[in-house]
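Dear colleague,

Please find the structure below, together with its sequence. My notes on what was found in it follow directly after.

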2 protein chains.
Amino acid sequence: VSPTVSTHVVACHNVLGGVIDSFDNLIEYSPEWFRRFGVQVKHSTEVTAVDAGRRFVTMVSLANGEEETIDYDNLVIATGSIPKVPPIPGITRHDGSLIERVFTLRTIEDALGIARAIDSANHCLIIGAGLIGLETAEALRSRMGSAIGQVSLVDTEPHVLATMVDPDMARVLEDSVASHGVDFLPSTTVTQIQSEVQCHVKCRSARGEESSHSADLIVVAVGCNPDIALGKMAGCLIGPTGGIVVDGCCRTSISGVYAAGDCTEYRDFVTGHPLLVGLGSVAVRQGRVAGINAVGGVEQVAEGLLNSRTTRLFGLEVAAVGPTQCELQERGINPIVGKVTSSTRPAYFPGGKRITVKLLVHPDDARLIGAQVVGDEGVHLRADVLATAILSSMKVGRFLQLETCYAPSVAPTLDCVTLAAEAAYTRWTRDRRDKERTSD
Amino acid sequence: VSPTVSTHVVACHNVLGGVIDSFDNLIEYSPEWFRRFGVQVKHSTEVTAVDAGRRFVTMVSLANGEEETIDYDNLVIATGSIPKVPPIPGITRHDGSLIERVFTLRTIEDALGIARAIDSANHCLIIGAGLIGLETAEALRSRMGSAIGQVSLVDTEPHVLATMVDPDMARVLEDSVASHGVDFLPSTTVTQIQSEVQCHVKCRSARGEESSHSADLIVVAVGCNPDIALGKMAGCLIGPTGGIVVDGCCRTSISGVYAAGDCTEYRDFVTGHPLLVGLGSVAVRQGRVAGINAVGGVEQVAEGLLNSRTTRLFGLEVAAVGPTQCELQERGINPIVGKVTSSTRPAYFPGGKRITVKLLVHPDDARLIGAQVVGDEGVHLRADVLATAILSSMKVGRFLQLETCYAPSVAPTLDCVTLAAEAAYTRWTRDRRDKERTSD
């Protein structure tokens with residue numbers, strides 16, 4: 001029982017930026033489409049109670065208020081997540097709703113609100129420089145035209161995309177952000193928002209410097225919380241990250257209740273730590289597994305989340321797999337790093353593009369445990385190569401034995417991925433030799 | 001001791017086609033470059049004898065005829081290969097050299113000859129529709145201008161790129177070849193060449209139909225034979241394919257003699273059958289391993305050749321890894337096939353390109369054993385993903401657990417590789433169930 005028809009929230013900024021013509025295009029599957037495959041969709045319907053013991057749900061139509069109960073054999077909860085709103089004084093009204101000119105960007109309704117506000121906006125402020133924050137900045141910049149107005153990004157972290165890439169890899173992207181007319185204020189906390197004719201925003205930097213900004217439009221993009229209301233009703237175990245705990249079969253702690261997507265918590269493939277699911281790629285894979293298992297099949301997702309993630313921003317492509325170096329270090333793992341900048345084609349062939357690959361290798365066994373790629377082309381597919389390697393517990397030395405495709409018009413004999421692996425392998429071998437010498 | 005400085009033979013057609021300005025650009029490493037790293041290069045020098053027992057080689061300078069002997073601890077033979085010339089009546093002079101207007105394309109000298117001949121050529125015929133044949137056809141077409149003259153391709157095989165892709169995958173490419181003004185004559189043998197003012201060429205199709213063609217320029221591109229003269233002198237074992245047999249450390253059968261590149265024979269990763277090395281990507285990996293081992297290090301290439309191969313032709317990219325379906329069937333393996341055509345981006349996002357993925361799966365254990373990809377973009381890197389999987393002996397079902405990178409502007413949630421894997425996995429599971437039922 002899904003309360004709404006699947007929409008592509010992540011593509012809302014693409015409509016705002018004018019890349020996609022209409023929000024209607026984002027609805028991939030209509031209720032009719034589902035009906036054709038024998039799936040009944042009850043839209044505009046809210047589930048108000050779950051009885052996991054007697055296996056039924058109670059729901060109410062938002063159109064006419066009629067209540068209905070439905071028995072189930074197995075229930076799949078796929079309630080997604082709700083944008084976080086940071087506790088900034090002034091950001092909400094008394095009823096908890098966002099004040100005028102302040103938006104989150106999760107649903108098509110959010111995007112329509114922003115679309116209405118933007119035409120009269122001259123100063124836009126985005127709180128949060130993660131994936132959605134940056135993608136929104138690009139869309140607003142593109143919609144406003146590059147010469148007009150101001151788009152600013154504020155983040156408490158010292159660099160953009162902090163959960164995706166390390167500071168050294170973010171730097172290339174920050175140059176691109178700046179050159180496209182977006183101001184980035186790193187290590188900055190918004191301390192107050194006042195709404196009058198415009199919004200007045202007060203900020204404080206990590207060094208304690210105060211600043212004031214005006215904004216006609218504020219987009220809050222500081223991540224999401226899993227929507228676990230139904231999971232709680234069903235009695236499902238909620239994990240330390242706040243998501244519904246699921247196993248590889250998408251089973252919750254309650255018999256007959258499965259969960260999939262952003263409302264769930266699973267574990268990191270590399271570190272084993274609990275991790276919130278927050279990617280569409282994971283959600284569809286969990287959805288498939290939950291659905292198959294709920295009707296009696298047997299399928300599993302991988303042992304943990306690789307978190308393969310990518311975006312295209314201001315002409316650059318960025319992708320990452322597994323934890324960042326910073327995150328690994330927080331978990332007590334000090335990875336060996338192999339980092340190389342080279343070209344996507346041989347030096348003598350015209351049209352090669354600059355690309356940087358950073359590989360993270362486990363110091364104990366030389367397993368590949370993380371990767372980040374930034375460049376002009378061929379970025380996300382190189383990350384897919386590295387995701388395949390991480391999923392196979394491949395040692396970095398094995399990369400030197402991997403034949404990558406070569407043709408001068410397409411790729412060099414030794415791809416940047418191979419070169420980065422060689423750098424990491426050489427370092428790992430040397431470290432190992434040094435350790436053995438010390439222990440002698 | 002390398003008789004010539006490394007050149008990029010595969011890129012010669014790129015200079016002919018005008019993509020690369022000058023043949024000089026193809027020489028990546030000069031004798032000076034090698035000297036800086038302490039490597040002495042004796043160019044214009046021919047090795048005339050190898051004494052592998054007493055470990056010395058005899059060489060003669062082609063410039064002044066002086067003879068010299070050099071002792072060695074370990075010898076690396078990297079003599080490459082020589083273009084095959086089919087035994088067509090009339091193709092050679094009495095001394096065995098090619099008649100006027102007929103060329104192979106392996107060295108810069110070959111390409112210079114073609115370049116001189118092409119300006120007065122109106123009818124060009126290429127014998128062999130493999131990688132080099134097709135790349136040459138594109139280069140000639142581009143150099144002649146699309147409206148002028150005629151470029152024809154003849155092959156004894158019924159489709160292009162017969163050692164790279166199966167007939168079903170070649171078809172897309174053949175459409176593109178035709179639409180770019182190149183005639184392809186499949187299943188056709190050249191039976192005679194006569195040189196007068198023009199060349200007169202007689203052909204016979206598989207059905208016995210005879211035809212005559214005129215050509216101002218003929219390029220022979222029917223593959224290469226390993227150059228094993230030095231290997232034989234050293235007493236190295238020559239394999240059934242005609243190459244110097246090497247192991248994973250690039251050791252030949254003779255102590256102290258290593259070999260690398262196109263002159264060697266190694267084994268197929270999937271079938272274990274002897275296979276000639278014929279790719280630059282393999283050659284550089286073998287060269288690294290041979291070099292390291294020859295000076296006392298320990299390195300190995302993979303257990304066999306994946307033969308990851310790619311090209312970009314007439315606006316299409318093609319790539320393949322491992323044996324084709326046809327080749328596997330010849331070896332007694334009847335693979336399960338998963339084949340999908342989809343888009344490189346979600347349906348609702350503009351700019352997605354058509355791409356076809358064909359996966360070959362071992363019927364016994366569902367291991368991925370081969371892959372072919374054809375499309376407008378992102379082809380060779382998807383083949384690299386599949387090469388990584390084959391090298392890891394990944395089962396095709398594991399692909400459904402692989403998180404590929406997703407962002408609407410970059411890639412769909414379920415990539416064509418995932419969809420093809422799902423198709424193969426579904427078919428494999430059904431076949432397995434049928435077999436179990438039959439055996440009950």
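Leu161(B) is found in the loop of chain B between strand S8 (150-154) and helix H5 (167-179), where helices (H or I, at least four residues) and strands (E, at least two) are DSSP runs numbered from the N terminus. The phi of Leu161(B) is positive, near 50°, in a residue other than glycine. Most residues other than glycine have a negative phi. Leu161(B) is also buried, with a relative accessible area of 2%; buried means under 20% relative accessible area, exposed over 50% and partly exposed in between, with a 1.4 Å probe and protein chains only. Ser187(A), likewise not a glycine, has a positive phi of about 45° and sits in the loop between strand S9 (182-185) and strand S10 (188-195) of chain A.

As to conventions, this is a predicted model, in which local features need pLDDT of at least 70 and side-chain atom pairs count only at pLDDT 80 or more, while totals for chains, interfaces and linings use all residues. Residues are numbered from 1 along each chain as its sequence is written, chains are lettered from A and ligands numbered from 1 in the order in which they are written, and side-chain values use heavy atoms, with hydrogens and water left out.

Confidence. The model scores ipTM 0.94 and pTM 0.94. Chain A has a mean pLDDT of 93, with 97% of its residues at 70 or more; pLDDT is the predictor's confidence in each residue, from 0 to 100. Over residues 1-8 of chain A, pLDDT stays under 50. Where pLDDT is low, the predicted coordinates should not be read in detail.

Symmetry. A turn of 180° with a shift of 0.0 Å along the axis lays chain A on chain B with an RMSD of 0.0 Å, the superposition being by least squares on the C-alpha atoms of residues with pLDDT of at least 70 in both. That is the relation of a two-fold axis. In chain A, the C-alpha nearest the axis belongs to Val385(A), 2.2 Å from it. The copies meet through the same surface, because 100% of the interface residues of chain A are also interface residues in chain B.

Cores. The largest nonpolar core (buried Ala, Val, Leu, Ile, Met, Phe, Trp, Tyr and Cys residues joined through side-chain atoms within 4.5 Å) has 81 residues. Leu359(A), Leu386(A) and Phe399(A) are among those with the most contacts inside it. Apart from it lies another core, of 47 residues, including Met144(A) and Leu217(A).

Chain B elements. Strands S1 (residues 45-51) and S2 (residues 56-61) of chain B pair in the antiparallel sense over six bridges; pairing requires at least two DSSP bridges between two strands. Thr45(B) has Ser61(B) as its bridge partner, and Arg55(B) takes a positive phi near 55° in this hairpin, which has four residues between the strands. Eight of the 11 residues of helix H3 (residues 108-118) of chain B are buried, so this helix is largely enclosed by the rest of the structure.

Cysteines. Taking a disulfide as a pair of cysteine sulfur atoms within 2.5 Å, the count is zero over all chains. The sulfur of Cys199(B) is 11 Å from the closest cysteine sulfur, in Cys124(B), too far for a bond. Cys199(B) is buried, with a relative accessible area of 0%.

With kind regards

Conventions:
Contact = heavy atoms within 4.5 Å.
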